[in-house]
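I opened this entry to keep a record of what I looked up, one topic at a time.

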Amino acid sequence: MKIIEVTDTNDFAIKSVEFFEKFVTHNSNSLITLPTGNTPLPFYEKMLGAYKKNNKINKFIYLSLDEYYGLEPDDHRLFANWLDREILTPIGVSPSNRITINSACNDVEKFCQKFEGQIESKGGIDLAIIGIGGNGHIGFNEPGSDLNSPTHKVELTQETITSNAEYWGSEDAVPKSAITIGIGTLKKAKNTLLLVRGANKAEIFKATLSNEISSAVPSTYLQEQNNLTIIADKEAMKLL
Ligand code: PGA
């Protein structure tokens, strides 16, 4: 495990894009999950600037990490649509290089098996870029999740619904269930980059690294993760 401590938001953005650019340059067409939420916003902003200098930064295959369940394909709340608008289309990741979760699938089990098959057919996840929720969730693997599960459907916790309401205006606008890549599949990622930012993550970051590994705090699986790099700011690291 390598922890890169950054001083501020700009340093966070610089170091995370440096990591990403180096990875994509050395591992062309690799399969990469991209997180959503507040944490990675400076990373994406800096990536748009990096693309202007290096248009090969888009040579990767985007893989959905998690997605709300039950929304129509054009719903603006879909994480894949947010990423499409804000980063994937602006840097020119073609639709054929995106493997996304079908929020509107009826047969969830069948969809999840197909999705896992798509990951396997690409040789597995090359780089899982992830964040941590305040309750220790990774993707939408909420507390209590089986740490060996593949992609599956989950019911969101009240804490996650409340935290996601800030993006969509009200709790009513937040879907109550989701499909997420399971921790069992994330554990097999060849490389992992965890992004952590802000004082509100200090407690969960400490628990992630020091609690016993258990589904009570799903992010604790990272303690045994191979090739894990963490980019964290001083605020998030203040309890370590
Ligand atoms: P946040 O979400 O970056 O908005 O805190 C992180 C997560 O839930 O994974």
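My notes on one strand and on the largest pocket follow.

I am working with a predicted model, in which local features need pLDDT of at least 70 and side-chain atom pairs count only at pLDDT 80 or more, while totals for chains, interfaces and linings use all residues. Residues are numbered from 1 along each chain as its sequence is written, and side-chain values use heavy atoms, with hydrogens and water left out.

**Strand 9.** I looked up strand 9, residues 191-196 (strands, E, at least two residues, and helices, H or I, at least four, are DSSP runs numbered from the N terminus), and found that 5 of its 6 residues are buried, which is to say under 20% relative accessible area with a 1.4 Å probe and protein chains only. I then noted that strand 9 pairs in the parallel sense with strand 6 (residues 127-131) over 5 bridges, where two strands pair if DSSP finds at least two bridges between them. L193 is the bridge partner of I129. Strand 10 (residues 228-233) also pairs with strand 9 in the parallel sense, over 5 bridges, and here L195 stands opposite I231. From strand 9 the chain crosses through helix 7 (residues 202-210) to strand 10 in a right-handed β-α-β crossover, meaning that, with the strands pointing away from the viewer, the path from the first strand over the helix to the second runs clockwise.

**Lining of the largest pocket.** Helix 5 provides the largest share of this lining, with 7 residues. Helix 3 (79-88), helix 5 (158-168) and helix 7 are the elements that give two or more residues to the lining.

Key. Buried < 20%, exposed > 50% of the residue type's maximum accessible area, 1.4 Å probe, protein only.
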